[in-house]
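Open the model in your viewer and keep the selection panel at hand. This tour goes from stop to stop, saying what to select and what is there.

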Amino acid sequence: MLASRKSSKALPYILIFPTAVFVALFTAWPVLLSIYQSFFLQRMNIAKFREPTYVGLGNYIDLFTDPYFIEVIKNTLVYILGTVPISIILGFLFALLVNRKVRGIGFFRLAFFHPMVLPMVSAATIWLFFFTPDYGLFNSTLRLLGYTGPENWTGNPNLALLSVVIVAIWKNSGYYMVFYLAGLQNLPNDVYEAAALDGANGWQTLWRITFPLLRRTTLFITIVAFIDSFRTVDHIFVLTSGGPSRASTVLLFELWLERFEYQDIGASAAITVIFVVVLLAFTVTNFITSDRKEA
Amino acid sequence: MDSIKIRKTLKNVGSWITNLLATILALLWSVPVIWAIIASFRPANDPMSRGDVWFSTTLTFENYTRAWSLAPFGQYYINTIVVVLIILVVQLITIVLAGFAFANYEFFGKGWIFFFVLLQMMIPTSALLAPNFSTIRTLGLFDTRLAIAIPYFGSAFGTFLMRQAFMSVPKDLVDAGVIDGCSWWQLILNVYLPPSIPSLIAFGLSSATWHWNEFLWPLIITNSDKSRPLTAGLVRFTQLGEIGAQWSLLTAATLMVAAPLFITFLIFQRRFIQSFVHSGLK
C-alpha cells in the first residue's frame, strides 16, 4: 500500500484526468455557459437578435410572466405527481407478487420488467395504437368496462398529458419492482418468525414490518423516479408532440422547443438553469434528510 | 383443530387471490408487446377494425421487409451498434482508471475532485442538451456518431461503482501485490479487476441498454442517415407521409428497433435484472 502510494505523485491525477475532462466539458461547462447565456437576449431566427444583448434577468422575468410557461410548470408537476407515486406503489405491489416461491414466477418477473428494456420510442409507438379511437385496444377495453368518454386520448387537451403519464407508468414500474425485490430478499428472516409467533397476520406484517424496513429502498427509488420523470420526454415526441396546444408539454420538452424550434438561446439557457437548480435542490435535500452515513 | 383448519383454508384462499391478481396484472402488462408481435405479422391488405386487431387469416413477414426497404434501417443498426460499443469501450477504460485512483490512492483534493465528478450524477445530461449542442458544434462534431457518444465518455456513476467494488477488495491482497512488485496497471489487472467483474458487467449492461434506447440527444445532434441511430430513425419512419396508420408496418419497424437488445435480455434475463439491481443499489 505504502509503496503503491509512493510510486508517483502525479499518477492519481493522470488516471482521473480523462473522466474529469469529460465531466468538465459536458457537465460543468454547459452549466456555466447556460448561466451566462441566460442573461442575454439572443434569437437565431430573428436577424436583429442574432447578436446577444445583455438583458439581466429579462429572460427569467419573461418566462415567469408567460402564461404558457406557467402552464408548462403545471404540466410538469402533474406529470411528476401522476407518474412517481403510482409507479412506486405498483413497483412495490409487483415485488410482493413476484417475491414468492411459486413455479413459473420467472414469467411474472419478465412480464413486469420487460417494458424497461424497450426503447421509450418503441413503447410509445405501440401505445399510439392503443390510444387510437374506435379500434384501439385501450379504448376497446375501457368500453367493455362501461367507458363512454372521448376516445382520442393523445389529441384531447384534457387527456393528452394523462396518456403520456400512462405510458411512463407502464414502462417504469417494473424497474422499481426490481429494487424492491432486492430489498425484500435482504430482509432479516428472524423478524418475520417473531411476528408469526406473535400471531401477526399477513396484512399487519406487511404494513408494520416489511414497509418500514424498506424505507431506505423507497427513498432511493423516489430519487431515481423523480429524476427519471424529469429527463425522459421521448414518448411525448411520439404520442402528442407536446400538444394539443402545449397541453402535454413538460419542462424538458419546452426546453427543446425553445432551443430547437424557436431558436431562442436566452430563454432555453434560462430554462436549463431552472432545470439544474431544481435537480440540485432536490438531490441536496435528499442528502441532508436521508440518514445514510457513507454514500 | 377447527381454527387451524380455518386458518389453512384462509391461507389457501389468500394465495389463490394473490395468484389471480398476479396473473391478471402480468397479462395486462404484457398485452402491448404481445399485440405488437402478432400485429407485425398481419398482412397489410387486411386493415384493422373494431374488434379485429389481432391475428388475420394468414401470417406474413412482408411488413419487416417493407419497413426495411422504406428506411435505411441497416445503416441505423450500424450507427446504434457503433455508438453503443464506442461508449462502452471508452467508459470501461475511464471508469476503471478513475475508480482505481479513488480507491487506491490518497492525494491532495481527492474529496473535492470526487464531488466534482459526482456532479454528473446529479445533473442528467439530457438537462444540458442545449449548451452541449453548442459545444458539439464548436468541436465540429455535429452529425457524427462520435457526437452522440462523446458526452458519455466519462461516467460518474461508473466511477462510483468501480470505486465501491475496488474498495471491497481485501487490503492484504493489494499489499501482497505491491510486495510482489506489481506496477499500478498490474495491480489493476491482477488484483483489483478479477473480483470486480460482476460490477463491470452490471455497469456494461445498464450502459448498453441506456444508450441503445436513447433518443433525444441523438435526435438533436444528428441530421442525416449516416449518423442517425435506430431510435431517431424509427421516429422519423413513423412520421413518413406514406405510413399513416399502417399498424402492422409500424409494429414491425418498432420491434426491429427493439429486437437485438430485447432478445439478449430474454436470453440473459436473470443477469440483466441482477445487473440493474446491482448498479442501482451500490
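**Stop 1: where the chains meet**

Select the contact between the chains: 70 residues come from chain A and 77 residues from chain B. The model is a predicted one. On the chain A side, pick helix α2, residues 11-37. This helix gives the largest share of the side that touches chain B, 20 residues. Now colour that side of chain A by class. You get 52 nonpolar, 12 polar and six charged residues.

**Stop 2: chain A as a whole**

Show chain A alone. Its secondary structure comprises 14 helices and two strands. Along the principal axes, the C-alpha atoms fill a box of roughly 80 × 75 × 30 Å. The radius of gyration of chain A is 24 Å, whereas a compact globule of 295 residues would have one near 19 Å.

Next, colour chain A by burial. Of its 295 residues, 42% are buried. A contact map is useful here too. Among contacts in chain A with a separation of 6 or more, 69% join residues 24 or more positions apart.

**Stop 3: a covered helix in chain A**

Select helix α13 of chain A, residues 251-261. Is this helix mostly covered or mostly open? Mostly covered: eight of its 11 residues are buried. Highlight Leu251(A), Leu252(A), Phe253(A), Glu254(A), Leu255(A), Trp256(A), Glu258(A) and Arg259(A) to see the buried set. Charged side chains are included, with Glu254(A), Glu258(A) and Arg259(A) on that list.

What covers these buried residues? Add α4 (67-98), α11 (215-231), α12 (234-239) and α14 (265-289) of chain A. Then bring chain B back, since the cover also includes its helix α5 (129-138). Just past the helix, click Gln263(A). This residue follows α13(A) and has a positive phi, near 55°.

**Stop 4: the two domains of chain B**

Switch to chain B. Colour residues 2-63 as domain 1 and residues 65-281 as domain 2, following the domain assignment. The C-alpha centres of the two domains lie 34 Å apart.

Now select where the domains touch. Domain 1 brings 10 residues into contact with 11 residues of domain 2. On the domain 1 side, α1 (2-39) and α2 (62-70) of chain B each supply at least two residues. The helix that gives the most is α1(B), with three residues. By class, the domain 1 side holds six nonpolar, two polar and two charged residues.

**Stop 5: a helix pair in chain B**

Select helix α7 (residues 156-167) and helix α9 (residues 184-213) of chain B. At what angle do these helices pack? The angle is about 145°, and the axes are 9 Å apart. The crossing of α7(B) and α9(B) is right-handed.

Show the side chains at the meeting point. From α7(B), take Gly158(B), Leu161(B), Met162(B), Ala165(B) and Phe166(B). From α9(B), take Tyr192(B), Ser196(B), Ser199(B) and Phe203(B). This contact has six nonpolar, three polar and no charged residues.

**Stop 6: one threonine**

Finish on Thr264(B), found in helix α12 (residues 247-267) of chain B. Is Thr264(B) buried, exposed or partly exposed? It counts as partly exposed, because 17 C-beta neighbours lie inside 10 Å. A buried residue would need 20 or more. Last, draw a distance from Thr264(B) to Leu59(B). Their C-alpha atoms are separated by 25 Å, and the residues are 205 apart along the chain.

Key. Residues are numbered from 1 along each chain as its sequence is written. Chains are lettered from A and ligands numbered from 1 in the order in which they are written. Two residues are in contact if their C-beta atoms, placed from the backbone, lie within 7 Å. Helices (H or I, at least four residues) and strands (E, at least two) are DSSP runs, numbered from the N terminus. Domain bounds come from an automatic or database domain assignment. A residue is buried if 20 or more other C-beta atoms lie within 10 Å of its own, exposed if 12 or fewer, and partly exposed in between; C-beta atoms are placed from the backbone. Axes are lines fitted to C-alpha atoms, for helices over the stretch in contact, and angles run from 0 to 180 degrees between N-to-C directions. A crossing is left-handed if the near helix is turned anticlockwise from the far one by less than a right angle, and right-handed if clockwise. The radius of gyration is taken over C-alpha atoms; the globule rule is 2.2 Å times the number of residues to the power 0.38.
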